Amino acid sequence: MNKLIYLDNAATTKTAPEVVKAMLPYFTEHYGNPSSVYGFAAANKDVITRQREIIAESIGANGSEIYFTAGGSESDNWALKATAEAYGKKGRHIITTKIEHHAILHTADFLEKNGFEVTYLNVDENGTVKLDELKAAIRPDTILISVMFANNEIGTIQPIEEIGEIAHEHGILFHTDAVQAFCQVPIDVDVCHIDMLSASAHKLNGPKGIGFLYIRKGVKIRSFIHGGAQERKRRAGTENVPGIVGFGKAVERAAGSLKERTAAEAELRDYLIGRIEKEIPYCRLNGHRENRLPNNVNFSFRFVEGESLLIKLDMNGICASSGSACTSGSLDPSHVLLAIGLPHEIAHGSLRMTLSEETTREELDYVVEKLKTIVEDLRNMSPLYEDFIKNSKA
Ligand SMILES: *Cc1c(COP(=O)(O)O)cnc(C)c1O
């Protein structure tokens with residue numbers, strides 16, 4: 001097999017051809033600035049409104065509650081920083097988790113340096129937030145709870161409805177980073193009591209550099225990017241019209257196919273998990289077995305270095321990841337794998353493979369065959385493994 005096998009769809013996805021096709025005229029023909037008065041450009045305003053509605057509908061929201069941003073990171077920054085700014089007089093305590101994306105963790109860290117207190121909730125060995133611990137962390141001055149919908153490394157889906165309920169019982173705003181879950185898991189912002197939600201197009205076969213923040217009507221956070229009056233004065237800057245059109249198209253196709261697409265992905269996911277567990281010894285599935293993104297597979301292999309594994313997979317045309325894209329390249333083990341209780345040396349030997357709707361069983365068969373050989377080869381070079389085998393024979 002000499003074609004590329006792309007199993008890193010949690011990092012980014014291929015832009016769907018119909019998405020690119022929908023975007024192209026907005027570069028070359030309908031390039032007007034939506035804020036201009038003449039009809040040629042002003043028509044783009046309606047185009048944007050239509051995309052807002054398509055997106056809003058997919059999460060049970062109203063078009064007027066969708067604000068376009070430059071992606072998931074901006075949406076996360078906006079939600080946290082603007083809530084701190086707007087509600088800082090009411091209280092200065094924020095609750096989040098130890099397994100968030102760095103767009104949340106580093107923003108929380110920034111807020112801590114600016115006079116806010118942040119509680120980072122632990123998770124259990126499957127990566128699930130403990131509701132008792134959440135309840136115990138709530139204080140009279142808590143203004144925001146931010147818990148990701150699904151984790152980008154280990155795929156665990158959180159009990160978002162329960163968390164939202166707890167937040168609202170206490171009159172606390174609830175934000176969720178749904179960048180991985182959006183269009184992979186059905187989401188209803190009312191059912192889940194969500195006040196703010198972050199999403200990004202490039203994780204669902206849309207273009208890079210466009211995302212949105214859902215802000216429930218009545219939530220009084222202000223603009224994060226100052227300038228013009230775009231996005232109802234809440235996010236300045238000439239609208240990324242091609243990006244917005246591409247995002248709308250991506251949501252249309254992904255939300256329309258959600259049930260069948262994710263069922264097929266989950267079947268392949270479980271096939272891959274099953275074969276690895278059966279055919280490769282001393283491995284551990286990371287993340288929740290059932291409450292899990294339909295395309296996420298994450299394993300730790302004892303006596304193996306994740307980076308070496310990735311390089312050898314790459315030599316065989318297989319793209320995967322050992323942690324989140326942001327941390328690969330650094331020597332620290334993933335904060336998520338440490339939070340679920342893995343010792344450093346086991347966290348280091350981890351591999352994330354995230355499937356797409358185009359992934360086939362044949363590709364996965366090839367991956368398992370390669371993985372078996374690679375893991376065995378790496379273990380045969382490991383003095384720790386040699387000791388382990390000696391001791392287990394003794
Ligand atoms: C990718 C990702 C982000 C960042 O989104 P960008 O659009 O790349 O800025 C944030 N949170 C999670 C969970 C992600 O997977």
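**Exercise 1. Which residue stands opposite Met-196, and in which sheet are the two strands found?**

Solution. Met-196 stands opposite Ile-215 in β8, where strands are DSSP runs of E with at least two residues, helices are runs of H or I with at least four residues, and both are numbered from the N terminus. The model is predicted, so that local features need pLDDT of at least 70 and side-chain atom pairs pLDDT 80 or more, whereas totals for chains, interfaces and linings use all residues. Residues are numbered from 1 along each chain as its sequence is written, and side-chain values use heavy atoms, without hydrogens and water.

Next, strand β7 (residues 196-200) and strand β8 (residues 211-215) run antiparallel and are joined by five bridges; two strands pair if DSSP finds at least two bridges between them. The sheet is open, has seven strands in the order β2-β8-β7-β6-β5-β3-β4, and its pairing is mixed. Its edge strands, β2 (66-69) and β4 (117-121), each pair on one side only.

**Exercise 2. Determine which strands helix α4 lies across, and how α4 is directed relative to β7.**

Solution. Helix α4 lies across β2, β5 (142-146), β6 (173-177), β7 and β8, contact being heavy atoms within 4.5 Å. Its direction makes about 160 degrees with β7; axes are lines fitted to C-alpha atoms, for helices over the stretch in contact, and angles run from 0 to 180 degrees between N-to-C directions. Helix α5 (residues 102-112) lies across β3 (93-97), β4, β5 and β6, at about 150 degrees to β4.

**Exercise 3. Describe the surroundings of the ligand and its polar contacts.**

Solution. The ligand is surrounded by 13 residues, the closest being Ser-73, Asp-177, Gln-180, Ser-200 and Lys-203, where a residue is near if one of its heavy atoms lies within 4 Å. Helix α4 (residues 72-87) supplies the largest share of this shell, three residues.

For the polar contacts (pairs of N or O atoms within 3.5 Å), a backbone N or O atom of Gly-72 lies 2.9 Å from a ligand oxygen atom, and a side-chain N or O atom of Asp-177 is 2.7 Å from a ligand nitrogen atom. A polar side-chain atom of His-202 also lies 2.9 Å from an oxygen atom of the ligand. Taken alone, the ligand exposes 380 Å², of which the protein buries 87%, with accessible areas from the Shrake-Rupley method and a 1.4 Å probe.

Methods. Polar contact = N/O pair within 3.5 Å; in protein donor to acceptor, adjacent residues only side chain to side chain.
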